[in-house]
Amino acid sequence: MTLSSYMWPVRKVTRQTAGSVTLSLDTGGSNFYYQPGQYVNLTATIGGVDYQRSYSLSSVCGVHPFPELTIKRIPGGTVSNFLVEQAREGMLLKIDGPLGNFILPAERSGSFVFIATGSGIAPLLPMIHTLLLGENAVVTLLLGNRSVAEIIFHTELDRLQKQFSGRFTVSHALSGESPLPRGISGTTGRLAAGWIQHTLDKRMPGGIPEAFYFLCGVPAMMENISAALLRLGVPETQVYREDFDPAATPAIPPLQHERREVLFFFEDSVRLLEVEGGSTILTAALAAGVPLNHSCDNGSCGACRATRTSGSVTMNRNLALTPEQLLAGDVLLCQSVPVTGDVTIEVDRWQ
Ligand SMILES: Cc1cc2nc3c(=O)[nH]c(=O)nc-3n(C[C@H](O)[C@H](O)[C@H](O)COP(=O)(O)OP(=O)(O)OC[C@H]3O[C@@H](n4cnc5c(N)ncnc54)[C@H](O)[C@@H]3O)c2cc1C
Ligand code: FES
């Protein structure tokens, strides 16, 4: 299977904060399996134009009866404002997925630290919930927001802290509150490296380098915190990141390669694509008039996912496919260049 596409109505809209909503999707009985941390690509039609954006699944498959997405308004943002203001019960949304390799490791014991700002909590909540339902993980969440009123899932986080007291602790960094409101544990100000170190030292003395870290938000925040964690002795392999603003991540130019032909199956048609040196298979397919799905063009949204059935390709960057999907032959066409002359690619948008 290459890409799973659905048209699902919104089942329920739950307002989380003044600027965020959770949409519960009616799958109509489709068998939709997803892992905590994965996301979908949502297509919204606004003023007759289709816009595609990625949104993390904020529910836990098998625990919550319907998949849920939680969207926070970005100032001036086209899709987030539309959904926060206008999403209604019954509104039809095109959903592609699930996608993403920001998932929990197989080993789920020991210390897990989650660090996010704003809507970055969306993929982290199902990961936290899943770990707590197991028995061996000790979980810390460090969450940055401007104010108490802007904390998405505040009530749910309090509930989980009570239910799993001793195994789950939340500390807030609130940049727009001073002093810290009563009942809130944490600090005033932004998520700063010094405060993170101080909080983790208290929570797991001497244990910072052993823990697994999951960071979610915009690139600048994650760069700073990843760098601080590396300085504290955390191996890079224990730091997992989900970038919510891939447009701010510079694209990597395609690898150089010789001009090659690629046999390309698209729905019911087949053609031989000429992929020029320094160009990707996506570029060649679009130039040949194939109406392929693509969105970010930088390896992070997964919209251009396809299956390689023979030959060898190299990808510049993969922020979307899991190791299992790679093993099954999935590739991101916007990042793929042919390495051998016998490459065959299959795309079936309707599976
Ligand atoms: C894998 C992935 C998962 C995501 N999951 C979620 C989620 O669960 N909930 C959620 O609310 N958003 C999530 N996003 C972000 C989402 O896809 C959109 O980028 C966001 O809703 C803005 O879209 P827009 O159309 O409103 O803004 P646009 O009109 O596309 O952009 C407006 C401006 O905002 C910037 N921008 C985009 N995203 C952000 C951001 N998060 N913070 C600050 N600036 C930003 C853009 O660079 C642009 O300059 C996710 C993104 C990715 C890549
Ligand atoms: S278009 Fe987004 S990963 Fe290729």
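Visitor: Which residues come nearest to ligand 1?

Guide: In this predicted model, 26 residues surround ligand 1, and those that come nearest are Ser56, Gly77, Val79, Ser80 and Ala122. The elements that contribute two or more residues to this shell are β4 (49–56), β5 (68–72) and α1 (78–86). By class, the shell around ligand 1 consists of eleven nonpolar, eleven polar and four charged residues.

Visitor: From which domains does the shell around ligand 1 draw at least three residues?

Guide: Domain 1 (5–99) and domain 2 (110–248) each give at least three residues to the shell around ligand 1, while the protein as a whole is divided into these two and domain 3 (260–347).

Visitor: How many residues of domain 1 are in contact with domain 3?

Guide: Five residues of domain 1 are in contact with five of domain 3, and on the domain 1 side β4 and β6 (92–99) each supply at least two of the residues that touch domain 3. That side of domain 1 has one nonpolar, three polar and one charged residues.

Visitor: What is the strand order in the open sheet of six strands?

Guide: The order is β10-β9-β8-β7-β11-β12, with parallel pairing. Because β10 (186–188) and β12 (239–243) stand at the edges with a single partner strand each, one side of each is left without a neighbour in the sheet. From one strand to the next, the twist averages 10 degrees.

Visitor: Over how many bridges do β11 and β12 pair?

Guide: Strand β11 (residues 212–217) pairs with β12 in the parallel sense over five bridges, and cysteine 216 stands opposite glutamate 242 in β12.

Definitions and conventions. Residues are numbered from 1 along each chain as its sequence is written. Chains are lettered from A and ligands numbered from 1 in the order in which they are written. This is a predicted model: local features need pLDDT of at least 70, side-chain atom pairs count only at pLDDT 80 or more; totals for chains, interfaces and linings use all residues. A residue is near a molecule or strand if its C-beta atom, placed from the backbone, lies within 6 Å of it. Helices (H or I, at least four residues) and strands (E, at least two) are DSSP runs, numbered from the N terminus. Ala, Val, Leu, Ile, Met, Phe, Trp, Tyr, Cys and Pro count as nonpolar, Asp, Glu, Lys and Arg as charged, and the others, Gly among them, as polar. Domain bounds come from an automatic or database domain assignment. Two residues are in contact if their C-beta atoms, placed from the backbone, lie within 7 Å. Two strands pair if DSSP finds at least two bridges between them. Axes are lines fitted to C-alpha atoms, for helices over the stretch in contact, and angles run from 0 to 180 degrees between N-to-C directions.
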